[in-house]
Amino acid sequence: MRRLFIIALILIAFGILSIFIFSPHLTNNGNIAAHVSVATSTPHVITLVSLQNSYRRGKHTIKGSLVMPTPCYTITANTSMVPSTTPPVIRLNLVVPIDTGRCLALTATTTFSTTQVAAKGAIIKAYINNTFATSTAL
C-alpha cells in the first residue's frame, strides 16, 4: 500500500512539473497584452428603398425605409429648409451611427417618419450620413 502511495505522489508531482515546464510563458517581460488586435469596421452599405411624402395644411410628412446591414442599427431622421432656394428645398437628414455591438449579420429594413412645414411644391433632398442619397419632387 505504501509503495502505491509513493508512486501516486511521484505521478502527481510529475504532472504538476510538466504543466509548468510545457505551458506557454509570457515573452515580453510579463506584459499580458503582447499582441493586440483591433477590430476595424468597414462602412456598410445603407440603401434608401422607399420615400413617401404626404402634404396637408402646409406640412409635409415624409416617411421612408432603409435597408441596414444588421437589425441593430438605429436611424435618426430630421428635416430642415435649405435657405434661398426656388422652388423650396427640404433637406432630409438620415443619421445612421456605426453599430459597435455584436449583432446578427442579417440585413433588416428600418422605417422613419418626420415632418416639415413648407410649400406644396417643395423638393426633398435626402442625405444619409451627409452623403447625398436622392432628390425627388414629390
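User: Hi! How do β1 and β2 pair, and over how many bridges?
Analyst: In this predicted model, β1 and β2 run antiparallel to each other and are joined over nine bridges. One spot to look at is Ser50, which stands opposite Ser65 in β2.

User: Nice. Which strands form the open sheet, and in what order?
Analyst: Three strands form that open sheet, in the order β1-β2-β5, with antiparallel pairing. Neighbouring strands in this sheet are turned by 15° against each other on average, direction ignored.

User: Which strands stand at the edges there?
Analyst: β1 (47-56) and β5 do. Each has a single partner strand, so one side of each is left without a neighbour in the sheet.

User: Let me pick a residue. Where is the place of Leu48, and what does Leu48 touch?
Analyst: Leu48 sits in strand β1. Leaving aside residues up to four places away in sequence, Leu48 touches Ser65, Leu66, Leu94, Phe112, Ala126, Ile128, Ala133 and Thr134.

User: Ala133 sounds far along the chain! What separates the C-alpha atoms of Leu48 and Ala133?
Analyst: The two residues are 85 residues apart along the chain, yet their C-alpha atoms are separated by 7.2 Å. For the protein as a whole, take the contacts with a separation of 6 or more: 62% of them are between residues 24 or more positions apart.

User: OK, new topic: β4. How many of its residues are buried?
Analyst: Five of the seven residues of β4 are buried, so β4 is largely enclosed by the rest of the structure.

User: And which strands does β4 pair with?
Analyst: Two to look at are β3 and β6. β3 and β4 pair in the antiparallel sense over seven bridges, and Thr76 has Val95 in β4 as its bridge partner. Strand β6 (residues 123-128) runs parallel to β4, and six bridges join them. In that pairing, Leu94 stands opposite Ile128 in β6.

User: What do β3 and β4 form, and what is the phi of Ser84 in the turn?
Analyst: They form a hairpin, with six residues between the two strands. Ser84 in the turn has a positive phi of about 55°.

User: Switching again: how many disulfides does the structure hold?
Analyst: One. Cys72 and Cys103 form the disulfide, with their sulfur atoms 2.0 Å apart. The link is right-handed, with 80° about the S-S bond.

User: What does that pair tie together?
Analyst: Cys72 lies in the loop between β2 (59-68) and β3 (76-82), while Cys103 lies in the loop between β4 (89-95) and β5 (108-117), so the pair ties together parts that are 31 residues apart in sequence.

User: Are those cysteines buried or exposed?
Analyst: In between! Cys72 counts as partly exposed at 33% relative accessibility, and Cys103 is partly exposed too, at 27%.

User: Zooming out, what does the secondary structure come to?
Analyst: The protein has one helix and seven strands. Read along the sequence, the pattern is α-β-β-β-β-β-β-β.

User: And how much of the protein counts as buried?
Analyst: Of its 138 residues, 24% count as buried. The protein exposes about 10,300 Å², and carbon and sulfur atoms supply 62% of that area.

User: Last one: what pLDDT does the protein average, and where is the pLDDT below 50?
Analyst: The average pLDDT is 80, and 80% of the residues score at least 70. Residues 28-40 are where the pLDDT is below 50. Beyond near neighbours in sequence, that stretch has four contacts in the model.

Key
Residues numbered from 1 in each chain as written. Predicted model: local features only at pLDDT ≥ 70, side-chain atom pairs only at ≥ 80, totals over all residues. Heavy atoms only, no water. Disulfide = S-S within 2.5 Å. Helix = DSSP H or I, 4+ residues; strand = E, 2+ residues; numbered from the N terminus. Buried < 20%, exposed > 50% of the residue type's maximum accessible area, 1.4 Å probe, protein only. pLDDT = per-residue confidence, 0-100. Contact = heavy atoms within 4.5 Å. Pairing = 2+ DSSP bridges. Axes fitted to C-alpha atoms, helices over the stretch in contact; angles between N-to-C directions. Areas by Shrake-Rupley, 256 points an atom, 1.4 Å probe, with all protein chains shown as cover.
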